[in-house]
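Visitor: Please take me through one part of this model in close detail. I would like the place where helices meet through rings and charges, and then whatever surrounds it.

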Amino acid sequence: KIRARVACLYHACVFFLQDQDKEYVGFATLPNQVHRKTVKKGFTFTLMVAGETGLGKSTLINSLFLTDLYKDRKVPNAEERIGQTVDIVKHTIGIEEKGIKLWLSIVDTPGFGDAVNNTASWKHVEDYIDQQFEQYFRDESGLNRKNIKDNRVHCLLYFISPFGHGLRPIDVECMKALHEKVNIIPLLAKADSLTHAEAYSKKSKIREEIKQFGINIYQFPECESDEDEDSKRQEQILKDSIPFAVIGSNIQVESKGRKFRGRSYPWGVVEVENPIHSDFLLLRNMLVRTHMQDLKDVTRETHYENYRAQCIQSMTRMMVQERKRRWVEPGPPPTPGRRRPLPLRKMQEVLERIQEQMQQSQRGSC
């Protein structure tokens, strides 16, 4: 009897589910399919840091991602910095959290702003960003587009010294040269050297100068109308916190029976992750938890598309000029209704001239 009842109940459930499936197509599972595919593939993110030596760039990066990327770093002395040029150093690490893989690339710029003459010291940074755009454009235009590596710079953390009266000329010129190519997030470095009143005053001054000089930093997306009030409030806090006043430390400090990352001073202890002491948590949450995908979207849809449009425009212009020049050259007339094919050598010359023209236009824009 028990088996008969179980069998009847099973058939009743099957019949009920089949009846329900008549109204269920199944495309509601598409987000789950995309999620599984994306998780399997993993994520990539490229973060660049720029600022003069001694502002805590390396320490902040180690604090943000709980790693040590600069074990073998050698800090040059004052004499070595006199003729030092800007280097581009890239570190790539794999991070896994709850089954989600992230390939994080950190692009450091040692030597930036350290020389006696810092004229156009940001040119190396600009060239590197353009090179990544160019490589992606070449891969995207090639035959094998299946496994394209995205090395484009998605975010630039620009460190501003807390010891000046706002932005320095090199800060203004650098950000103006890069703001159309990368998402710039300004940081007020070494916030533990400022009082709350001083930090608030410097933040206001920097925001005014960013607006005054027409610098386009990363703009946080507007909240949707259906989002809750807490999300809107958090978004407004992020906007009001620019530039983020940050502190970094890899040292464990013990105070009142607690251990935390911070710095110990004669007058007290500074906690890196204490929101009263710095904006470190706001920055980390913004970079990793809430706006990482938006930074990648803006890079792809705005900065890269602008570069791609310039490339296509330059190529089109050069091809038109080459076609005009080719028809003017003496030679046998082409067959009516058919265009004379361009030799391979001339095609290569056209591409070389396109690249030279693009490089000259980039130099002229600087």
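Guide: Buried here means under 20% relative accessible area, exposed means over 50%, and partly exposed is in between. By that cut-off D130 counts as buried, because its relative accessibility is 4%. Bear in mind that this is a predicted model.

Start from D130. The side chain of D130 meets that of K181 in a salt bridge, at 3.2 Å from N to O. The pair links distant parts of the chain. D130 is in helix α5, while K181 is in the loop between α6 (169-178) and β5 (184-188). The two are 51 residues apart. K181 also counts as buried, because its relative accessibility is 18%.

Now move along α5, which covers residues 123-141. Y136 lies in this helix. Its partner is Y304, in helix α10 (residues 292-328). The ring centres of Y136 and Y304 are 5.2 Å apart and the planes stand at 85 degrees, so the pair is edge-to-face. It ties together parts that are 168 residues apart in sequence. Both rings belong to buried residues. Y136 counts as buried because its relative accessibility is 15%. Y304 is buried too, with a relative accessible area of 1%.

The pair does not stand alone. Ring pairs link F133, Y136, Y304 and Y307 into a cluster. The structure holds 5 aromatic pairs.

Next, the charge beside these rings. The charged end of R152 sits over the ring of Y136, 3.8 Å from the ring centre. R152 also lies over the face of Y304, at 4.8 Å from that ring centre. R152 has an acidic partner as well. D150 forms a salt bridge with R152, and their closest N and O atoms are 2.8 Å apart. Both ends count as buried: R152 at 4% relative accessibility, and D150 at 17%.

There is another link between α10 and α5. R308 in helix α10 forms a salt bridge with E140 in helix α5. The closest N and O atoms are 3.6 Å apart. These two residues are 168 apart in sequence. Here the exposure reads differently from the buried cases. R308 is partly exposed, with a relative accessible area of 29%. E140 is partly exposed at 21%.

Stay on α10 for H303, which lies in that helix. H303 counts as buried, at 7% relative accessibility. A polar atom of the H303 side chain lies 3.2 Å from the backbone oxygen of E180. What else is in contact with H303, leaving aside neighbours within four places in sequence? The residues are F133, H179, E180, K181, V182, N183 and V298. Two of these names have come up already. F133 belongs to the ring cluster, and K181 is the salt-bridge partner of D130.

For contrast, turn to a ring pair involving Y265 and W267. Their ring centres are 5.0 Å apart and their planes at 5 degrees, so the pair is stacked. Y265 counts as partly exposed, at 29% relative accessibility. W267 is exposed, with a relative accessible area of 59%.

The salt bridges can be set in a wider frame. The count for the structure comes to 17. Some share partners: E52, R168 and D171 are joined into one network.

Last, the nonpolar side of the model. The largest nonpolar core has 68 residues. Those with the most contacts inside it are L64, L157, I185, L187, F244, L283 and L287. Take L287 as a sample. Leaving aside neighbours within four places in sequence, L287 is in contact with L64, C155, L157, I185, M292 and L295.

L64 leads to helix α3. In α3 (residues 57-65), 8 of the 9 residues are buried, so the helix is largely enclosed by the rest of the structure. The buried residues are K57, S58, L60, I61, N62, S63, L64 and F65. L66 follows α3, and its phi is positive, near 50 degrees.

To return to your starting point: α5 and α10 are joined by the Y136 and Y304 ring pair and by the salt bridge of R308 with E140. R152 lies over the rings of both Y136 and Y304.

Definitions and conventions: Residues numbered from 1 in each chain as written. Predicted model: local features only at pLDDT ≥ 70, side-chain atom pairs only at ≥ 80, totals over all residues. Heavy atoms only, no water. Core = buried A, V, L, I, M, F, W, Y, C linked by side-chain atoms within 4.5 Å. Buried < 20%, exposed > 50% of the residue type's maximum accessible area, 1.4 Å probe, protein only. Contact = heavy atoms within 4.5 Å. Helix = DSSP H or I, 4+ residues; strand = E, 2+ residues; numbered from the N terminus. Phe/Tyr/Trp six-rings, centres within 6.5 Å; stacked < 30°, edge-to-face > 60°. Lys NZ or Arg CZ within 6 Å of the ring centre and 35° of its normal. Salt bridge = Lys/Arg side-chain N within 4 Å of Asp/Glu carboxyl O. Polar contact = N/O pair within 3.5 Å; in protein donor to acceptor, adjacent residues only side chain to side chain.
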